Amino acid sequence: MGRLEAMGVLNWSPEGHDDDLFMLQLAADAEAWLVSNDTYSNHSSVRASLRNRLIPYMWAGFGKDKTAFTPKADKWAAFEQDRARRSN
């Protein structure tokens, strides 16, 4: 994590504050997609539009080799469509 922080791609939320709220606000402001298995049900203020940009996932594989990132197919397809729309 230190390397990511040094690259400027990792930011820390202030100690003692709810980190979810910072991430959710950033995602809402940027119209970004969230890759998370958290449903944020403890944050009633999360808009439906942001909940619709939530991509649940699992790590899949055989035996102990669970290295395949597997996002939920319908949400991933919606993300790909949104990405294509934005690039035009």
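Student: Where is Arg53 found?

Tutor: In this predicted model, Arg53 lies in the loop that links α3 (48-51) to β2 (54-55).

Student: Is Arg53 buried or exposed, and what is its nearest side chain of opposite charge?

Tutor: Arg53 is buried. To look for a salt bridge, check whether a side-chain nitrogen of Lys or Arg comes within 4 Å of a carboxyl oxygen of Asp or Glu. Here the nearest side chain of opposite charge, Glu31, is 5.8 Å away, and Arg53 has no salt bridge.

Student: Which residues does Arg53 touch, not counting those up to four places away in sequence?

Tutor: Arg53 touches Ala27, Ala28, Glu31, Ala32, Trp33 and Leu34.

Student: How should I read a nonpolar core, and which residues form the largest one?

Tutor: In soluble globular proteins, nonpolar side chains tend to be buried together. In this model, the largest nonpolar core holds eight residues: Leu24, Ala27, Ala28, Leu34, Tyr40, Val46, Leu50 and Leu54. Helix α2 (residues 19-30) gives the largest share of this core, three residues.

Student: What is Leu34 in contact with, leaving aside neighbours within four places in sequence?

Tutor: The contacts of Leu34 include Leu24, Ala27, Tyr40, Leu50 and Leu54, and also Arg53.

Student: Now for strands: in which sense do β3 and β4 pair?

Tutor: Strand β3 (residues 57-62) pairs with strand β4 (residues 65-71) in the antiparallel sense, over five bridges. Try finding the partners: Tyr57 has Pro71 as its bridge partner, while Trp59 stands opposite Phe69.

Student: What joins β3 and β4?

Tutor: They form a hairpin, with two residues between them. Look at Gly63 in the turn, which has a positive phi of about 60°.

Methods
Residues numbered from 1 in each chain as written. Predicted model: local features only at pLDDT ≥ 70, side-chain atom pairs only at ≥ 80, totals over all residues. Heavy atoms only, no water. Pairing = 2+ DSSP bridges. Helix = DSSP H or I, 4+ residues; strand = E, 2+ residues; numbered from the N terminus. Core = buried A, V, L, I, M, F, W, Y, C linked by side-chain atoms within 4.5 Å. Buried < 20%, exposed > 50% of the residue type's maximum accessible area, 1.4 Å probe, protein only. Contact = heavy atoms within 4.5 Å. Lys, Arg positive; Asp, Glu negative; His and termini not counted.
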